[in-house]
Amino acid sequence: MVIMILLCAIFQIDTHAQNKKQLKEEDYSLWKSSPKIMDAETSEDGNWYAYQTGNDSVVTICINKLNSRLAYRFIAKSNSNVDRSFSFEEKSNFSQDSKHYAFVSNDTLHLIELNSGKILTFNGLKNFRFVGEGKYLFAESDISNDKKLWLRDLKNQKITIIDHVEQFAIDPIGKNIAVIVAKSNIREVKAILMTPGFPILLIASSTENTFSKLTWNKTGTVLAFYETKGISNNDSINAIHTYTHFGDKQVVTSLTAINKDLPKAYMLANDRLYVSSDGKKLFFYLKKMETIKPKTHLSKKSGVEVWLPTDPILSLNARIRKDDKQLWYQLNLDDKKLMAVTDTVYTQATLIGDGKNALIYHRNGYLPRYKYVNSFMDVFIKDLTTGASKLFLEKVWDGYDQISISPEGKFIAYYKSKNWWVYDIYQGKHICLTENAKMTIENSDLTKPGIIPPYGSPGWLNNDLLIYDKNDIWLFSADGKRKLKITNGFETNQTFRISNPTNARETNVGPGPSWFLPHLYDGNDGVLIKAVNNKNLDNGLFVWTYNSGLVELIRKPMEFSYFGKVRHKKAFLYSESAFDVSPRLILFNPSGTKELVYETNPQQREFAWGKSELVYFNTSDGKQLKGALFYPSNYVKGNRYPMIVAIYEDKSDHLHKYQMPSLSQADALDVINVTNYTSEGYAVFLPDITYELNDPGISATRCVMAGVEKVIEMGVADRKNIGLIGHSFGGYETAFIATQTDLFKTAIASAGITDISAWSLLISFVGVNFTRVESDQMRMTGTFMGTDYLRNSPMHYVHQMKTPILLWSGDKDTNVEVSQTKSFHNALWRLGKQSTMVIYNGEGHVLLNPDNQLDVTRRIKNWFDHYLKGEKPADWMIKGSEIRK
């Protein structure tokens, strides 16, 4: 059922609530709204905005008119989330002409006429999209396994139904819909034109074969699809067809499987198709006729494994990627010429300029990995007209976002030799952009072996490259002649970062990662920017344009999770929250006034809530660090409270994070729900940790102890009742610290490494672990033979541990093998130490089963309540698995 409520007033916040109640576990169910405001969007004309909030069973959809009290609210009750439209380039629930809004709930399509408020409902429909520039509404019906397509002309209200649909594809601009219709023994490919009357063109038909993989180019002028032998989809592809020009001059081009120009021993693969925007090139995959089996060292005949000293990768289950077994080809649709884009060596590719050129590379060229620490690759540019390839980057770091292609495909930005460069494809020239710029490019705060990464590049502003330094955002012209620092972070001790890209990064249509493709921004409409004050962690929202420069909109001791501009208006929507403020949506008007549009969880005002405070502390080696301290909701100055310390690298940025009370785990690395514990009379402390190479455990111990001593000095924490907890790398840190000090009355370590040397020689989901130890969080620069491994392993100090500890892990963990938890527990048990272990069968590195999430939440609470509050131990702490259901 959907209920519409006409809103006539702006929400008001009650700031005078008295007699606050203490939050109890039985009150958690009152928090039914999602702590996030979802899917905020504006209509094309900028006069309407909409947003959603809710959970899996109840979603509230709110539609407001800008600068007006006219608003609609819909409460959609369903067993599933409210459906948005398809994953097309146009995702809006508003029609393009801004006259309608639509959504689907419980297989019912709801259509709202915005100006009149008239609501129409249509049962048995799902997945919709406005097409034909908003003149028509399309939806899908899938009842009794008979898929139908539903089209409504929004002007004359006429409805057209297409029956017996196997597949369909809407072109990206919404002017055509291609369908495969199967009726009796005939299968047909048709195109439905989004014009009055919905005329239908027959493209192909067959009584013997089937069709699949309907694919449009971006402009909706070319359709490509497979014809497959037989009536069921399989890998026996007969041909690829392209259909061009939906008018009088229709052109069909076919590539058959027996084409003599295809390489021998290869066949058409039933994989992704892509057609260039100009409709001149078709890209497709070939695969070997024989099935290539994954390389292993296992002989089926003898059952003997042979591991060679020349193996580049150590892994019993080393897989050959699907892309490595295939070739990617292009067909020129004008002259019918074929060209290989990838080959058997350089197996990955990313198109440049929509098919004029391509980057080709492979990401396993520098092996074994331990010789190089980081992952490197050679990158070539291939001219897809001539077929010529040119090496343009040799041994470049294969790091995330280290290469970025400009929107028009004329330039390639990359990071190398501690600088950002641009390569001009057509002039064949490398230009160093940052050599003479006074900026801190390397992120030296990330202390890890190998290359120090840059702060990054968020993307392109037209053909200007945006680059981050430690505090600021810079703008560089691609020719290197202009540079501009568009923010003032260095001068004001803030860190500026772009909030939301104008256009999300596209998925790579070729065999390779998507992160070479750019994020795009519009400097005329405004680049939305967030800033964090590095001293007090206050957050600010800014907008930058070429004409006005940087303009501050708001600054608060809060977290801003959503930030968007109302189209064609000088108005903005943003959501704000804090540890003690549930997320709320704010409208920033052109006049500078702010309106509270929506507030989640207003019932929170009835309950006592804790507060958060940023704490500075100094380590024994002279470093000043930060930590987020959360006070109990019943805090009285002068009293001391039991405190839980949760650790995982840097955590002070959680200062303003809102956590609604819950017994489920929203984030594995958060380990505990801070709100739950502060409402139960605990203080919670999340300190930052800095690291020295080769000393991850010792570094963590030094930082955490310094932070805890500071909170004790502040008079908040009870020294005799402090607990420590961490998961994954935080689990390692917790286990190690517990062997080094008696400061903590108890500890809980989950899914953590306990013996670095032993773990480094195990094979996990990414291969042998020493590549991770020597390049990632463990920060080791030597091998397992060095003393650094022992010096930083919890197992090495197990004999001196006095702290009672709870260990837990999933028995299917492929990240940190459960043997690390079991070995540590076994060693503690053998030495008569106080260790309890819980193993979750069928779970991996993170608990996914809701029952297990609830179970571990309760066990952690039982554990801390016993050790830090002196409560009676739960039965499972005494009887073990005997009481586990």
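Here is a short conversation about a predicted model, covering its surface, its buried residues and its aromatic pairs.

Me: Happy to look at this with you! Which residues form a nonpolar patch on the surface together with Leu308?
Reply: Let's place leucine 308 to begin with: it sits in the loop between strand 23 (281-288) and strand 24 (326-332). Its relative accessibility is 44%, so leucine 308 counts as partly exposed. The patch has about 250 Å² of accessible area together, and Leu308 shares it with Val304 and Val306.

Me: Is asparagine 721 buried or exposed?
Reply: Asparagine 721 belongs to strand 51 (residues 717-727). Leaving aside residues up to four places away in sequence, asparagine 721 touches Pro642, Met643, Lys745, Tyr867 and Leu868. Buried means under 20% relative accessible area. Because asparagine 721 has 13% relative accessibility, it counts as buried.

Me: How many disulfides does the structure hold?
Reply: Two cysteines are worth a look on the way. Cysteine 62 has a relative accessible area of 0% and is buried, and cysteine 703, at 1% relative accessibility, also counts as buried. A disulfide would need a pair of cysteine sulfur atoms within 2.5 Å. The number of disulfides in the structure is 0.

Me: What kind of aromatic pair do tyrosine 366 and phenylalanine 376 make?
Reply: The structure holds 45 aromatic pairs. In this one, the ring centres of tyrosine 366 and phenylalanine 376 are 6.3 Å apart. Planes over 60 degrees apart count as edge-to-face. The planes here stand at 70°, so the pair is edge-to-face.

Me: How many residues apart in sequence are the parts that tyrosine 366 and phenylalanine 376 tie together?
Reply: Both tyrosine 366 and phenylalanine 376 are buried. Tyrosine 366 lies in the loop between strand 27 (357-361) and strand 28 (376-383), while phenylalanine 376 is in strand 28. The pair therefore ties together parts whose separation in sequence is 10 residues.

Me: And tryptophan 808 with tyrosine 840: what is the angle between the planes?
Reply: This pair links distant parts of the chain, 32 residues apart, with tryptophan 808 in strand 55 (residues 805-810) and tyrosine 840 in strand 56 (residues 835-840). Tryptophan 808 is buried with a relative accessible area of 5%, and tyrosine 840 is buried with 1%. The rings are 5.9 Å centre to centre and form an edge-to-face pair, with an angle between the planes of 90°.

Definitions and conventions: Residues numbered from 1 in each chain as written. Predicted model: local features only at pLDDT ≥ 70, side-chain atom pairs only at ≥ 80, totals over all residues. Heavy atoms only, no water. Patch = residues over 30% accessible without salt bridge, like charges linked within 9 Å, V, L, I, M, F, W, Y side chains within 5 Å. Areas by Shrake-Rupley, 256 points an atom, 1.4 Å probe, with all protein chains shown as cover. Salt bridge = Lys/Arg side-chain N within 4 Å of Asp/Glu carboxyl O. Helix = DSSP H or I, 4+ residues; strand = E, 2+ residues; numbered from the N terminus. Buried < 20%, exposed > 50% of the residue type's maximum accessible area, 1.4 Å probe, protein only. Contact = heavy atoms within 4.5 Å. Phe/Tyr/Trp six-rings, centres within 6.5 Å; stacked < 30°, edge-to-face > 60°.
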